[in-house]
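Q: I'd like a close look at one part of this model, please. Pick a polar pair and the sheet that shares its region of the chain, and then place that part within the rest of the protein.

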Amino acid sequence: MGSPHHRPDGRLRTRAFCSPELPPCTETRPGPPGSHSSVRAAPVSLIPGGSSASSISRPPPPPLRPPAGAWGAAARLPAVAFPPRAAEADGTGAAGSLPGPPAPLLARGRCPGAARPAGAALGREAFPGRGGTRLPWPGSSRPRARSLPRPVSSGGRGRRGAERRGWGPAAGGSTWGAGRPRAPGPAAPPPPAPAAGSVRRLPRHLLPLHYDLELWPRVRPGQAGPFAFTGQVNITVRCLQDTDAAVLHSAGLRSRGAAAVRGPLSEPGAAVEVAGLRQEEAAEVAVLELRGRLRAGSRYVLQLGFQGRLEEDLDGLFLTRYTDRGQSSMLIASQMEPTHARRVYPCFDEPAMKATFNIRIIHDPSYVALSNMPAIDVSEVKDENGSLWTITTFNTSLKMSTYLTAFVICDFDYVNRTERGNEIRIWARKEAVKNGYVDYALNITGPMFSFLEDILNVSYPLPKTDLVALPDFGAGGMENWGLMIFQEASLMNLPSDEFTNRKAMIALILSHELGHQWFGNLVTMNWWNDLWLKEGLASYFEYLGATFVEPKLSLDKIFYAHVVQPVLREDSEIARSLSESEDKIKGSFSLMSLFDNITYSKGASITWMLSGFLTEKLFIRALTSYLKEFSFSNANQDDLWTHIQMVVDAQDEVQLPAPVKQIMDSWTCQNGFPVLTLNLTTGTIRQEQFFNKNNRKTTDSYNNTWIVPISWMRNGSSQPLTWLDKSSKMFPEMQVSESDYDWILINVNLSGYYRVNYDQLNLKRLAHLLENDPKAIPTVSRFQLIDDVFALTDFGYVPIETALELTKYLAREDELFIWNVVLLNLIPENLESTLKNHEVYPLLKKYLLKRMLPIYHYYAGFIRQNVDALEDDYFAQVYLEKLLATACWLGLQDCLDLSSELYAKWRDNPDYKIPFLIRRTVCCYGVAVGSDKEWNFAWEMYNHTDSTEEDEDILLYAMSCAKESWLLYRYLQYGLSDTLFSSNCTSVIISHVVTKDIGHRIAWEFVTENWPLLSQGYGHELLHDVLKAMGRFVKTDVQIQELQVFYNATLEEDEREAITMLLESAKLENIERRKLLNRIASWLEKNVDD
């Protein structure tokens, strides 16, 4: 399943994002905070370009003179009449008026990406309560993929919640927050807890053995709603304890016909009379009250007819609309994880209550029906009106949990191949299949299955596997046994696209879901508190499987950059352990909240650590034993520890300092993780929980200790693994001599889930080594050194100067993924406009550009001469945009010239495609260093009928990069027009402009002037977001009072208090940041010429 959606990079979160992270959508209605509401039409055209998968650095405009005023306020601009007069259409309006939009002015009413329902980003997102896989890329580092033709998805309310590994925190985080308390100000109001997913446990009187289930969605092609489905379920149960009531899950369903109980089955014709059927909606259970008793040891059949509404909400059984080959179509599909099966049929909806299923689906004859097992019969039936329907009957399933039952009814085509007797079919829109968009996914699915079978030594038990690519789905993918369901973009690739990053995304998502066929489907956790047993292990194997089919990917680098490093950033701020006790999981919200980065990425990280200290050979041997013992059954984490212990006890090579359970419980049952502090003069290492010392209260207790595996290296030579099994310990072998060339490296290649705080002596030697011979330290360890020291700075362990010393060597650093972590720490995107107006900027510019030039020129050469040569350079596709954006932000003339050249080339020939790796930066700076002509061209191309959704998103962003105040103001005015944009674009445009160094004041004035209109569409959430962005510029009480004048008149008292707190804390934060920036400036002055 997938993971949570964050905005970790400090970007303004709007009600509807307009970002390349989101596929295109139709007109939206604002959703809950953090959601992206519904969907918009997108052209079904095949224009290579970036796709919604990526997260792209958002560069600010080039240097501009600081505006005047307490805020750096721009001069107040006159309001303009809108829409512009015809005379203004060419940008040459009458004197005294603002130029109007350039022709052609197309009323397209769309806003790219802005309207995707919550969490529906390309790839691996999931939602609290949604199965599926998450996206493999952290924060602002997601790779960019080429756009694919998209169906028109329509209707449907925004998805609930926002769970997903959606993204982990932005790789690197920020160092400018170092040494200061974190702002305690309120976040945006939380979304309402989902209605689904109540976790009331069922009594243990009855155990389900088998379901006979019939589903009949009453849907005909082209029919208007509302829609309903009916069904019948007969559940064979074994009675474990005498009872006069049968309690099972049911939510949102109504009974249809009389319920009955047959049995005991040992007595032919016997039955137990049903006195009544009671629905407890809040508890999501149905209670069959009986006149007799069910007897322990006997088997019975519960017979229930039911009906429910078929919604367009992507939960349970749902309907979704799309366009294929120009025709509007509908399909029906399901999403049961974690607790939505009860919304489709009455059942025992707990993961440990496994049973077999006989399923039959009644559907319109023009559709094909799919379920977990192969179809064994197709027949016909007439309804009460004499109308003909098709009945598809499926073979009996294996024993499985209810959350894995799956149904799809569609008019799709498929491609297929057979691997070791397993027929693999990938279903998608006919146009997509015909054009070969799913061929890559088909080509790697079979080899991945074989890889997992071979490594685990456990065969895949089903005769077929269907993978269905839905135009609209609430997760990146869902692992249903035999019928995996994906969001379309998770499986599709342009056949002409040879760039590795798009293939890597598909491979990772597929590999995660295939891993679940063993971890989750074959062996399922007893209860959701051990969710990590399936999600953490699947997240570990997804990287093994993906690098098996895409060997160009570096397993170590991609795992650290996308899994370990982002979750280390997040885990230090979250107060929950990986494995929770069952009694902690109360109510639906806490169950949903388990689907987060802790479960996925921390689960994968400690699995990686475990495999490392056991050796992969022993680890896999233990997993095979575990899988074989618990096949078609359930397990908890102690069962896994037991099987690992058995394997360890049976050999002599690997010696552990404690029982496996004791070691691993220290990582799964405690919050957070340790930081190891070294004194290498004495060889002493001590551990403590890594926490933010700036926030520590005297009442906080951090007494956790872990049993820590320490991989280490001395002067380039690997040393035997050792262990820290108490709070402090002396390691005489780690004492260093007085020689400057005697150095120690701990946690080599980030093999352990912890941070390292070196003493000044060793750190100085490592910094010296980096300057003289950076390759002496392994690549991942260089990445880790820099990330650790900036995180230690941020949390008050070491001064900022210590971190900066480690950046001196960067002129010799040729790894983009290391540069990315440096830049995200030194120039966090949410502070670019703040830094631009501080005296640190010219020093930073001189210091960084001197070090960036070698790697910049290396990649700029490819961009100018042969960008296709980078098709195998995965990290160039993921991180080159950030490098280029930073170079332009720092005012590197070659970067600005390159952007102008490529943008001009596009202006001269609109068929020319700016290389997708850097398109966002080029468009932004093309507009920024240009005049209104460049802005007008961006507007014209935004309105071009053939533009892809990501191109539109990029242009929507680029138009906010203008350096002319009047252009920004006109842009905001356009955003108010229903004829120029769909309503959701207004907040997106504001969110782009407010983060610009000249735009924040313009956007604020625009919001205050137009608040009556804006408040109708966006309400207080937009105001909250704008105020949050404005908070970055608050330095005095006068500035807060200026903002208060406005929001005191528009907000309720409790909201006013919350915003005042937010701004007060922002002010304190800004004051602390200023002190920090002064220290950085002071250090740079001394070191800028080194």
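A: Happy to. Let's begin with a term: a polar contact is a pair of N or O atoms within 3.5 Å, where one must be able to donate a hydrogen and the other to accept it. The model is a predicted one, and one contact of this kind makes a good starting point: the side chains of E431 and R429 are joined by a polar contact of 3.0 Å. E431 belongs to helix α1, which covers residues 430-434. Its relative accessibility is 16%, and since buried means under 20%, E431 counts as buried.

Now for the sheet. Five strands make up an open sheet with mixed pairing, and their order is β17-β18-β19-β21-β20. At its edges are β17 (413-419) and β20 (477-478), each of which pairs on one side only. Further in, β18 (residues 422-428) and β19 (residues 464-470) run parallel and are joined by 5 bridges. One of the residue pairs to look for is E423 with its bridge partner K464 in β19.

Helices also pack against these strands. Helix α2, residues 439-456, packs on the sheet and touches β17, β18, β19 and β21 (483-487). The direction of α2 makes about 30° with that of β17. Helix α3 (residues 500-516) lies across β19, β20 and β21, and runs at about 150° to β21.

α3 is worth a pause, as its geometry can be checked by hand. At 1.5 Å a residue, its 17 residues should span 24 Å, and the end C-alpha atoms are indeed 24 Å apart, so the expected and computed spans agree. As for its surroundings, 17 of the 17 residues of α3 are buried.

Helix α25 (residues 1011-1030) makes a useful contrast. A straight helix of its 20 residues would reach 28 Å, yet the end C-alpha atoms of α25 are only 16 Å apart. There is also a bend of about 105° in α25, located at Y1018.

For another sheet, move to lower residue numbers. Three strands form an open sheet with antiparallel pairing, in the order β3-β8-β7. β3 (243-249) and β7 (274-280) are its edge strands; each has a single partner strand, so one side of each lacks a neighbour in the sheet. On average, neighbouring strands here are turned by 20° against each other, direction ignored. Within this sheet, 6 bridges pair β7 with β8 (residues 285-294) in the antiparallel sense, and the bridge partner of V274 in β8 is L290.

A hairpin comes next. Strands β10 and β11 (residues 327-335) run antiparallel and are joined by 9 bridges. R321 stands opposite M330 in β11. The hairpin has 2 residues between its strands, and R325 there takes a positive phi near 50°. Of the 9 residues of β10 (residues 316-324), 8 are buried, so this strand is largely enclosed by the rest of the structure.

Two single residues show opposite settings. E380 sits in strand β14 (residues 375-382) and, at 58% relative accessibility, counts as exposed. Beyond its neighbours within four places in sequence, E380 is in contact with L388, W389 and I391. E380 and P365 are 15 residues apart along the chain, and their C-alpha atoms are separated by 8.6 Å. A928, by comparison, is found in helix α19 (residues 919-928) and is buried, with a relative accessible area of 0%. The C-alpha atoms of A928 and S900 are 9.3 Å apart, although 28 residues separate the two in sequence.

Finally, here is the wider frame. The protein has 27 helices and 30 strands, and 66% of its 1090 residues are buried. Among contacts with a separation of 6 or more, 77% are between residues 24 or more positions apart. If you return to the opening pair with that in mind, start at the 3.0 Å contact between E431 and R429, then follow α2 across the strands that it touches.

Key
Residues are numbered from 1 along each chain as its sequence is written. This is a predicted model: local features need pLDDT of at least 70, side-chain atom pairs count only at pLDDT 80 or more; totals for chains, interfaces and linings use all residues. Side-chain values use heavy atoms; hydrogens and water are left out. Buried means under 20% relative accessible area, exposed over 50%, partly exposed in between (1.4 Å probe, protein chains only). Helices (H or I, at least four residues) and strands (E, at least two) are DSSP runs, numbered from the N terminus. Two strands pair if DSSP finds at least two bridges between them. The expected span of a helix is 1.5 Å times one less than its number of residues. The bend at a residue is the angle between axes fitted to the seven residues ending there and the seven starting there. Contact means heavy atoms within 4.5 Å. Axes are lines fitted to C-alpha atoms, for helices over the stretch in contact, and angles run from 0 to 180 degrees between N-to-C directions.
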